[in-house]
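Reader: I am a first-year student, and I would like a close look at one part of this model, the place where the two chains meet. Please set it beside the other contacts as you go.

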Amino acid sequence: MPYARPVVRLIEELKRLPGIGPRTAQRLALYLLSAPREQAERLAAAIKEAREKVVYCSVCGDFTDTDPCNICADPARDHSVICVVEEPRDVAAIERSGSFRGVYHVLGGALSPLDGIGPERLRIKELLARLEKGGVAEVVLATSPDTEGEATALYLQRLLEPLGMKLSRLAYGLPVGAEIEFADAQTITRAFEGRREIK
Amino acid sequence: MQLLSLDMQDFRNYAQASFRPCAGLNLVRGENAAGKTNLLEAIYFALCGCSFRTVREKEAIRNSATGAVIRAVFLDRGVEKESAVQVRPGGKTLLLNGKEESRRAFPGEASLFLFRPEDLQVVSGAPVERRRFLDGILSGIVPGYRNALQRYFRAVGQRNALLRQGKSRNDALPGYDTWTEAIVETGSVVLNLRIEGFRRLAPVAASLYRELTGRKLVLRYLSTVEIQESIGLKESFLKKILSVREQEVLQGQTLAGPHRDDLLFLVENQSLRGQGSRGEQRAAVLAVKLAEAQIRAETSSGGLLYLLDDVFSELGPHWRAAVLDALKGHQAFITTADPAVQVGACSFRVEAGDIRREA
């Protein structure tokens with residue numbers, strides 16, 4: 001027997017979410033209907049609130065509920081170093097490490113003609129505008145080490161080279177805490193290419 | 001690498017079959033469509049976790065059955081291991097020593113040498129088949145080749161997508177320089193590795209061919225990029241790719257680079273593609289495959305397992321002896337439909353989904 005219309009609609013909406021297939025969508029919908037009413041309402045309210053309050057930071061492009069975001073507004077951070085990343089989740093990952101005290105610039109993706117993403121679809125104009133204002137000594141290109149991330153870094157490198165500030169790229173190598181024997185061949189090859197002298 | 005036992009359930013035409021091979025040469029006899037290739041496929045499955053024949057692996061489930069199971073016990077560098085592959089219509093499960101694992105945990109292609117009768121058609125076939133043939137061989141003898149190739153293909157796919165946009169837009173392509181640089185960068189790595197592998201492979205193949213036929217075999221790599229010594233590989237590649245830009249935009253495809261290169265087989269300075277007889281073409285391909293086997297046997301640490309499907313048909317006694325010579329000291333599985341083949345090996349007969357040891 002088919003579900004009632006509101007249930008079908010809920011399932012359809014859930015199915016649009018990334019990583020959710022028809023069966024998971026159905027399970028989630030039925031769960032939300034059988035769970036206490038307040039729980040479902042809390043979820044609905046959380047989604048609504050997040051969408052209303054969270055905006056893109058006008059400086060770095062990260063998600064934020066205050067504009068500019070906490071990082072861009074923090075005078076204790078080093079505003080002369082900008083770390084360029086693909087997605088907001090990359091900012092979150094780097095922040096968790098606590099290893100970087102500069103500021104960020106979120107591109108909103110990586111170059112990928114297969115997905116119709118060219119340079120004009122990324123927040124590159126905004127990056128140039130930030131650099132033009134001056135005061136930036138270094139740009140760290142922290143896009144992913146895959147084909148698209150590499151191409152994006154290459155594009156930015158060619159674009160920014162004439163501006164004269166220091167450009168750097170995150171190192172490739174072995175994951176910390178991992179054993180060499182379990183690393184894949186490509187990672188090991190890259191780690192050898194990027195080895196450094198310790199004297 | 002040595003296979004100790006193999007058990008199949010509902011795999012291809014085998015409802016239930018057990019196979020206990022010998023350590024050395026194993027001859028698998030049977031009529032056409034008796035299940036000889038299926039047996040090789042099952043061995044490959046057990047060591048690699050996938051099929052060499054199809055990507056739609058559920059085809060391998062016997063008609064009317066709900067799933068296929070292959071279990072194998074083998075010696076990997078002297079250590080006994082046990083693998084199980086379960087193929088269901090909805091997917092497959094791979095087990096190594098009773099634990100669920102991904103395909104990467106399996107010994108994989110590096111542990112075996114595969115010869116398929118389809119290989120013999122590469123001389124007369126399309127360039128893409130020759131590239132695939134060469135890539136398959138080089139992946140086994142040049143470290144890092146497979147990865148380099150994948151990176152290059154990915155970049156070419158992106159660049160082609162960009163070029164296709166150019167067809168409709170007819171203006172400057174944003175990102176064109178970047179993607180061009182990306183394929184020059186990754187493509188140069190592929191070309192360098194290809195040249196390196198080619199320099200090892202070609203002389204060995206030529207000397208095997210001379211030994212067996214008394215004639216001169218030359219393998220020539222035909223590159224779409226003419227490498228000018230004065231400016232080096234990368235610059236030559238870049239120059240070439242910039243020179244075809246207009247055609248590329250028209251066709252929406254990257255037109256130069258290792259993905260468009262070809263391989264030429266020359267015997268006594270004549271291309272085998274147009275002039276060669278079937279027999280000559282087979283001999284040339286077999287010489288290249290034997291060269292691969294020889295190079296890999298020298299470099300592989302764990303020893304190779306050989307799967308040779310129908311390698312003996314239409315082959316003179318010289319060549320049979322050369323093939324057998326290459327297999328010395330390794331475990332090998334050779335299928336044949338020819339009752340006249342005698343190689344002094346453990347012999348098995350495959351018939352109607354049953355495998356029996358012959359006296």
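Author: The answer below starts with the contact between the chains and then turns to the domains and a few local details.

The model is predicted, so local features need pLDDT of at least 70 and side-chain atom pairs count only at pLDDT 80 or more, while totals for chains, interfaces and linings use all residues. Residues are numbered from 1 along each chain as its sequence is written, chains are lettered from A and ligands numbered from 1 in the order in which they are written, and side-chain values use heavy atoms, with hydrogens and water left out.

Where chain A meets chain B, the contact takes 17 residues from chain A and 18 residues from chain B; contact means heavy atoms within 4.5 Å. The size of an interface is often given as the accessible area lost when the parts come together. Between chain A and chain B the buried area is about 1,500 Å², and carbon and sulfur atoms give 55% of that. Buried area here is the accessible area (1.4 Å probe) that two parts lose on being put together, summed over both. On the chain A side, Pro113(A), Leu114(A) and Thr147(A) supply 35% of the area buried against chain B, more than any other three residues.

Next come the charged and polar pairs. Side chains of opposite charge can pair when their charged atoms come close. Between chain A and chain B there are 2 salt bridges, a salt bridge being a side-chain nitrogen of Lys or Arg within 4 Å of a carboxyl oxygen of Asp or Glu. In one of them Glu148(A) is paired with Arg154(B), with the closest N and O atoms 2.7 Å apart. The two chains also share 6 residue pairs in polar contact, both residues at pLDDT 80 or more. A polar contact is a pair of N or O atoms within 3.5 Å; within protein, one must be able to donate a hydrogen and the other to accept it, and residues adjacent in sequence count only if both atoms are side-chain atoms.

Two helices of chain A, α7 (147–160) and α8 (185–193), each supply at least two residues of the side that touches chain B. Helices (H or I, at least four residues) and strands (E, at least two) are DSSP runs, numbered from the N terminus. The most comes from α7(A), with 6 residues. By type, the chain A side divides into 8 nonpolar, 4 polar and 5 charged residues. In this division Ala, Val, Leu, Ile, Met, Phe, Trp, Tyr, Cys and Pro count as nonpolar, Asp, Glu, Lys and Arg as charged, and the others, Gly among them, as polar.

For a contact inside one chain, take chain B, which is divided into domain 1 (2–120 + 305–357) and domain 2 (124–275). Domain bounds come from an automatic or database domain assignment. The centres of these two domains of chain B, taken over C-alpha atoms, are 33 Å apart, and their contact takes 5 residues from each of domain 1 and domain 2. About 420 Å² is buried between the two domains of chain B, 72% of it given by carbon and sulfur atoms. Within domain 1 of chain B, Asp119(B), His318(B) and Trp319(B) lose the most area to domain 2, together 75% of what that side buries. Between these domains the count is 0 salt bridges, and the count of residue pairs in polar contact is 0 as well.

Chain A is likewise divided, into domain 1 (5–53) and domain 2 (63–197). Their centres, over C-alpha atoms, are separated by 34 Å.

Some local details remain. Over all chains there are 36 salt bridges, including one between Arg37(A) and Glu41(A) at 3.1 Å, N to O. These two residues are 4 apart in helix α3 (residues 37–53) of chain A, which means that about one helical turn separates them. Most residues other than glycine have a negative phi, and most peptide bonds are trans. Asp67(A) and Pro68(A) are joined by a cis peptide bond, with omega about 0°; Pro68(A) lies in the loop between β2 (63–64) and α4 (70–73) of chain A.
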